Structure formats: structure tokens, C-alpha cells
Amino acid sequence: MKLSVCLTYYSGLEYLRGCLESIRDNAPPCEHEIVVIDDASPDPCAETVAEVSPGAVVIRNPENLGFAGANNVAWQASRGEYVLFLNTDTKVLPGALDELVAYLEEHAEVGAVGPMVLNEDGSFQPQCRRGRL
């Protein structure tokens, strides 16, 4: 398994659906998985995940662990060589996952990489940048 895409969910099924659809529609060619952690949400997501991404792993926490705790559960459940933590209000653009994986494959000395983040209108979010462009 090359890539695990990990999502932490707590309410907002419409955002989760959009995120999963964007992953499905822009899936990388490498072997990958989707891991969704339902952090004891009052509106569970397993049915939506199964509808949009039938092969995805869904883990429902018995209690809310918070964002960091739920991400730890996702990381422990992931099987990928590379792990991407993605917020559920994110939409993956064409080629984005391919580029992240390709960069890591070409730069073995790199321990972490983050994607460029854009606003809904396509403008750049400068807070996602560190260092030089």
C-alpha cells in the first residue's frame, strides 16, 4: 500500500461527501486506501462513506477523542507507506495526490510534505506556506 488518506469526521456529511467524491474522482494511480474516523459524531457517516467510497475503512470512536486523538486512531489504522491527513472540508484537485506521492518518491530525505491550499475561488491561502515558494 503506497498511500493512506486519513479523514477525521465530526458532523458535516455534505463536506465529507464532497471530499470523498474528490478523492474518488482524482485518485492517484498508486495503491491507496481511505481511512475515515467518525469521532463519535451525532450524525454517523458510515452509510455515506460506503455509498461514495465502498472500499474505505470506517472506524467509529466510542467517544469523542478530539481532532488530534482521532488522527492518531487513523494513523494507527493506516497501512500506507505515506499517510495524508486531510480535513473533510477539502476537495482534492486533479493530479494533487499524484504530485505529493511523486515528490516523496523522488526525495527520500524528506519526512513530510504539505500541499498548496486554495480557497474555494481558487486563490492561494498564504497560511499554508512555510519557507520559499
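Two strands count as paired here if DSSP finds at least two bridges between them. With that in hand, a good place to start in this predicted model is the spot where aspartate 38 stands opposite arginine 60 of β3. Aspartate 38 belongs to strand β2, which covers residues 32-38. Four bridges tie β2 to β3, and the two strands run parallel.

Stepping back from that one pair, the whole sheet comes into view. It is an open sheet built from four strands, lined up in the order β3-β2-β1-β4, with parallel pairing. At its edges sit β3 (57-60) and β4 (82-86), each of which pairs on one side only. Neighbouring strands of the sheet are turned against each other by 20° on average, leaving direction aside. In general, what holds strands of a sheet side by side is backbone hydrogen bonding, in a parallel or antiparallel arrangement.

Over at the β4 edge, five bridges link β4 to β1, and these two strands are parallel as well. One matched pair there is serine 4 with valine 83, its bridge partner in β4. Valine 83 also turns up when the two faces of β4 are sorted out: Val83 and Phe85 make up the uncovered face, while Tyr82, Leu84 and Leu86 make up the covered one.

Then there are the helices that lie across the strands. Helix α3, residues 66-77, lies across β1 (3-9), β2, β3 and β4, and runs at about 145° to β2. Helix α4, residues 96-106, lies across β1 and β4. Its direction makes an angle of about 140° with β4.

As for the chain in full, the count is four helices and four strands. Read from the N terminus, they come in the order β-α-β-α-β-α-β-α. The radius of gyration is 15 Å, close to the 14 Å that the globule rule gives for 133 residues, so the chain is as compact as a globular protein of that length. Along the principal axes, the C-alpha atoms fill a box of roughly 40 × 35 × 25 Å.

A few overall figures round out the picture. Of the 133 residues, 37% are buried. The accessible surface adds up to about 8100 Å², and carbon and sulfur atoms account for 51% of it. Taking the contacts between residues at least 6 apart in sequence, 66% of them join residues at least 24 apart.

Notes
Residues are numbered from 1 along each chain as its sequence is written. This is a predicted model: local features need pLDDT of at least 70, side-chain atom pairs count only at pLDDT 80 or more; totals for chains, interfaces and linings use all residues. Side-chain values use heavy atoms; hydrogens and water are left out. Axes are lines fitted to C-alpha atoms, for helices over the stretch in contact, and angles run from 0 to 180 degrees between N-to-C directions. Contact means heavy atoms within 4.5 Å. The radius of gyration is taken over C-alpha atoms; the globule rule is 2.2 Å times the number of residues to the power 0.38. Buried means under 20% relative accessible area, exposed over 50%, partly exposed in between (1.4 Å probe, protein chains only). Accessible areas come from the Shrake-Rupley method with a 1.4 Å probe; for residues, only the protein chains shown count as cover.
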